[in-house]
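Visitor: Could you walk me through how to read a cavity and a strand in a protein model? I would like the general idea, then the case at hand.

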Amino acid sequence: MNFRESMEYLDSVPKFSPKDVVSGAVAYELGAMRTLMESLGNPEKQLHFVHIAGTNGKGSASAFLSQILIESGLKTGSFNSPAIEHFTEQFRINGQDITEEAFAGILTRVASQIQQNLKEGKPQPTQFEILVAVMFLYFREQNCDIVVLETGMGGLLDATNVIPSPEAAVIMTISMDHTEILGRTLQEIAFQKAGIIKEGTDVLLYPQKPEADQVFEEVCREKNARLHRVNVCREAREYSLKGQIFDLTLESDPQTSLSEMPLPESSGSGTSVPEISTDDISALGTTIRDLFIPLLGSYQCANASMAVAAADVLRRKGWPITEDSIRRGLKHTVWHGRFELMHQNPAIIVDGGHNPEGAAMLRDSLTRYFPDQKIIFLMGILADKDYHKVIATVGPLAKRFYTVPVPNPRALDPEQLARELKGAGYLAEARSSIEEATDEALKNSTEKDVICSFGSLYYVGRIREHLNTEFTTTI
């Protein structure tokens with residue numbers, strides 16, 4: 001198959017969706033995935049992983065950690081979904097997408113094996129399971145030193161969870177999402193996320209609510225796993241639209257703490273950052289000071305904290321990671337669609353927040369960077385999300401809404417979304433395309449306005465592409 005034929009093949013196989021799981025059309029279990037991996041020679045058993053699960057923050061933490069590992073000289077694979085701009089960006093080695101030719105070649109082999117398996121009465125994998133299989137084969141054949149692996153949904157029964165015990169399991173925030181599959185209580189959802197914890201694993205845990213924290217503690221005890229509760233930095237010490245500076249206190253290490261290591265002369269990454277004043281870099285006790293990240297958003301310091309803590313655990317296990325590579329990794333991280341400033345005058349923010357927790361983070365970030373300012377929102381969302389709570393969270397900041405179609409079968413109709421918004425007391429107009437809504441928002445804004453697109457990662461790529469075409473000047 002060539003790349004076009006590969007896309008056609010993927011469109012022909014069953015797609016995983018919460019609705020199909022609930023109806024029984026698609027199974028949410030690992031039988032088909034394990035069968036497929038065994039028939040392909042279990043490439044996942046020949047790789048080292050950091051496995052990342054959670055409701056929000058997985059992608060950002062993955063991006064931070066991947067770049068730290070790259071800066072450490074490690075050949076680093078990363079798998080994230082969904083794709084934002086290009087299908088192939090889901091499979092990256094050292095920040096470079098898989099080529100269309102390489103993807104088509106590996107998928108052809110996987111499809112051939114699936115065909116053979118079906119003849120033998122073995123189960124048909126879903127589209128996501130097939131992509132995960134391609135990913136394992138690609139990273140093994142390219143001899144990756146380590147892979148940063150983001151779960152698709154949940155953890156326990158997610159297709160990525162066929163891997164052996166990872167070098168580290170990272171658990172990000174846990175909140176109520178995909179409740180029809182993962183559970184109706186925070187404890188039930190936490191149990192699903194805790195499924196990535198395996199025997200003897202180092203587990204890095206984002207601060208959780210007590211009922212979720214108890215679940216992780218119990219699973220770690222059962223699995224003889226080492227639990228590291230990360231004291232994340234929740235507030236940048238300095239911030240602007242160019243980036244953020246924060247300090248992070250790591251847990252102590254009886255042998256050697258990363259922050260007790262001598263600071264290389266290159267720490268601090270050399271060039272100064274516009275609009276942000278920096279103090280002299282120093283490390284006292286178990287605190288690493290003056291860490292800079294270019295990503296905006298009030299929540300990104302916490303996500304970066306998880307990545308740094310994971311890197312510290314890997315360092316203790318013998319991986320060649322230094323404080324300098326951590327600093328350079330954070331500074332060079334790029335992650336589109338997470339409170340991303342695309343333009344100024346007017347300010348245009350693109351954010352993938354798609355559930356109540358993500359909406360709360362977006363609200364906090366908008367309030368921080370644009371205090372006392374009403375926002376022109378572009379909003380598109382999936383019908384299976386708690387969009388009523390999302391509306392209640394961001395609505396008070398709104399000047400008006402333009403609702404847009406999301407390119408996903410699970411999308412909420414923009415006309416219905418506009419009716420919901422009007423019913424809640426907000427100005428709202430439905431538009432037939434993302435491009436039309438963006439142009440309308442720009443037409444009806446001044447240089448002092450703020451335009452924010454949010455609600456789903458599935459249309460981030462479309463709006464970024466349109467904005468990049470619309471504006472030829474850089475920020």
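Guide: We will take the cavity, then one strand and its partners. Keep in mind that this is a predicted model.

Visitor: How many cavities of 30 Å³ or more does a search of the whole structure find?

Guide: The search finds 1. About 90 Å³ of space lies in the largest cavity. Its lining has 13 residues, and the closest to the centre are Leu204, Val230, Leu250, Glu251 and Ala309.

Visitor: Which elements supply at least two residues of that lining?

Guide: Three names to look for here: β8 (226–229), β10 (243–249) and α10 (300–316). The largest share comes from α10, with 4 residues.

Visitor: And how do the lining residues divide into nonpolar, polar and charged?

Guide: The lining holds 6 nonpolar, 3 polar and 4 charged residues.

Visitor: Now the strand. Are the residues on the two faces of β6 buried or exposed?

Guide: A residue counts as buried when its relative accessible area is under 20%. In β6 (residues 168–171), Ala168 and Val170 lie on one side, Ala169 and Ile171 lie on the other, and all are buried, so both faces are covered.

Visitor: Which strands does β6 pair with, and in what sense?

Guide: Strand β1 (residues 49–53) pairs with β6 in the parallel sense over 4 bridges. Strand β7 (residues 202–205) also pairs with β6 in the parallel sense, over 3 bridges.

Visitor: Which residues could I pick out to follow those pairings?

Guide: For β1 and β6, take Val50, whose bridge partner is Ala168. For β6 and β7, take Ala169, whose bridge partner is Val203.

Technical notes
Residues are numbered from 1 along each chain as its sequence is written. This is a predicted model: local features need pLDDT of at least 70, side-chain atom pairs count only at pLDDT 80 or more; totals for chains, interfaces and linings use all residues. Side-chain values use heavy atoms; hydrogens and water are left out. On a 1 Å grid over the protein atoms alone, a cavity is a set of points where a 1.4 Å probe fits but cannot get out, and a pocket is an open set with protein on both sides within 12 Å along at least five of seven lines; lining residues have an atom within 4 Å of a point. Grid points are joined across faces, edges and corners, and a volume is the space filled by probe spheres set on the points. Ala, Val, Leu, Ile, Met, Phe, Trp, Tyr, Cys and Pro count as nonpolar, Asp, Glu, Lys and Arg as charged, and the others, Gly among them, as polar. Buried means under 20% relative accessible area, exposed over 50%, partly exposed in between (1.4 Å probe, protein chains only). Two strands pair if DSSP finds at least two bridges between them.
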